[in-house]
Amino acid sequence: MDHDIIVHEGGCHCRKVRWRVQAPNSVVAWKCNCSDCSMRGNVHLVFLLRAKHIFCKVCGITSFYIRRGSPDKVAITFRCVDPGSLSHGEMKPYDGKNWERAHDQTDLDSCSITADPK
């Protein structure tokens, strides 16, 4: 797997919310089975940075959000990364239905991407 650090860009459907982050071009993404993520089909990448806006006020897309278990981290919605910058995305399951147990047993935080916001 290639782990070059590159700039990823992404955002919401209508492009009113845009973000840019430096991170590897090969990442681990988490597919959560909690009711919210399941209904939205959310698969996310976890970054060590802060964010202000949670969803687009125009189209309603949540391209990133503050994590429940780690309020100092932001999860970027995998499908909201613009095409072309990710060379590989490994999907891992996350048992959000049993969040407390999963948070204690999963190595989610060790897979967090230390990213420099741009």
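In the predicted model, Arg40 is partly exposed, with a relative accessible area of 40%. Its salt-bridge partner is Asp36, and the closest N and O atoms of the two residues are 2.5 Å apart. Asp36 is likewise partly exposed, at a relative accessible area of 42%. Both residues belong to helix α1 (residues 35-40); because Arg40 and Asp36 are four residues apart in this helix, about one helical turn separates them.

The search of the whole structure finds three salt bridges. In another of them, the side chains of Asp82 and Arg18 meet with an N to O distance of 2.5 Å. This pair links distant parts of the chain, since Asp82 lies in the loop between β6 and β7 (88-94) while Arg18 lies in strand β2, 64 residues apart. The relative accessible area of Asp82 is 22%, so Asp82 falls in the partly exposed class, for which the lower limit is 20%. Arg18 is also partly exposed, with a value of 31%. A further salt bridge joins the side chains of Arg20 and Glu9, at 2.7 Å from N to O. Here too distant parts of the chain are linked: Arg20 is in strand β2 and Glu9 is in strand β1 (residues 5-11), 11 residues apart. Arg20 has a relative accessibility of 41% and counts as partly exposed. Glu9, at 29%, is placed in the partly exposed class as well.

With respect to overall architecture, the protein chain contains two helices and eight strands. Read along the sequence, these elements follow the pattern β-β-β-α-β-β-β-β-α-β. Among contacts in the chain with a separation of 6 or more, 60% are between residues 24 or more positions apart. Of the 118 residues in the protein chain, 42% are buried. The chain exposes about 7,000 Å², and carbon and sulfur atoms supply 52% of this area.

The interior was examined next. The largest nonpolar core consists of 15 residues, and the members that touch the most other members are Trp19, Leu45, Phe64, Ile76 and Phe78. At least two residues of this core come from each of β2 (18-24), β3 (26-32), β4 and β6 (74-77). Apart from this core lies another, made of eight residues that include Val28, Cys37, Tyr94 and Trp99. When neighbours within four places in sequence are left aside, Leu45 is in contact with Val27, Val28, Ala29, Val74, Ala75, Ile76, Phe78 and Val81.

His44 is found in strand β4. With a relative accessible area of 6%, His44 is buried, because the class of buried residues comprises values under 20%. The side chain of His44 makes a polar contact with that of Tyr65, at 2.7 Å. Not counting residues up to four places away in sequence, His44 touches Val28, Ala29, Trp30, Cys32, Tyr65, Ala75, Ile76, Thr77 and Phe78. The C-alpha atoms of His44 and Val74 are separated by 9.5 Å, although the two residues are 30 positions apart along the chain.

The loop between β4 (43-47) and β5 (64-66) holds Ser63. Ser63 has a relative accessibility of 1% and therefore counts as buried. A polar contact of 3.3 Å connects the side chain of Ser63 with the side chain of Trp19. Trp19 is also one of the residues that touch the most other members of the largest nonpolar core. With neighbours within four places in sequence left aside, the contacts of Ser63 are Gly11, Cys12, Val17, Trp19, Ile54, Ala75, Ile76, Thr77 and Cys80.

Phe55 is placed in the loop between β4 and β5, as is Ser63. At 48% relative accessibility, Phe55 counts as partly exposed, whereas Ser63 counts as buried. Together with Ile54 and Ile66, Phe55 makes a nonpolar surface patch of about 260 Å². Ile54, a member of this patch, is also among the residues in contact with Ser63.

How values were computed: Residues are numbered from 1 along each chain as its sequence is written. This is a predicted model: local features need pLDDT of at least 70, side-chain atom pairs count only at pLDDT 80 or more; totals for chains, interfaces and linings use all residues. Side-chain values use heavy atoms; hydrogens and water are left out. Buried means under 20% relative accessible area, exposed over 50%, partly exposed in between (1.4 Å probe, protein chains only). A polar contact is a pair of N or O atoms within 3.5 Å; within protein, one must be able to donate a hydrogen and the other to accept it, and residues adjacent in sequence count only if both atoms are side-chain atoms. Contact means heavy atoms within 4.5 Å. Patches are made of residues with over 30% relative accessible area and no salt bridge: like charges are joined within 9 Å, nonpolar side chains (Val, Leu, Ile, Met, Phe, Trp, Tyr) within 5 Å. Accessible areas come from the Shrake-Rupley method with a 1.4 Å probe; for residues, only the protein chains shown count as cover. A salt bridge is a side-chain nitrogen of Lys or Arg within 4 Å of a carboxyl oxygen of Asp or Glu. A nonpolar core is a set of buried Ala, Val, Leu, Ile, Met, Phe, Trp, Tyr and Cys residues joined through side-chain atoms within 4.5 Å.
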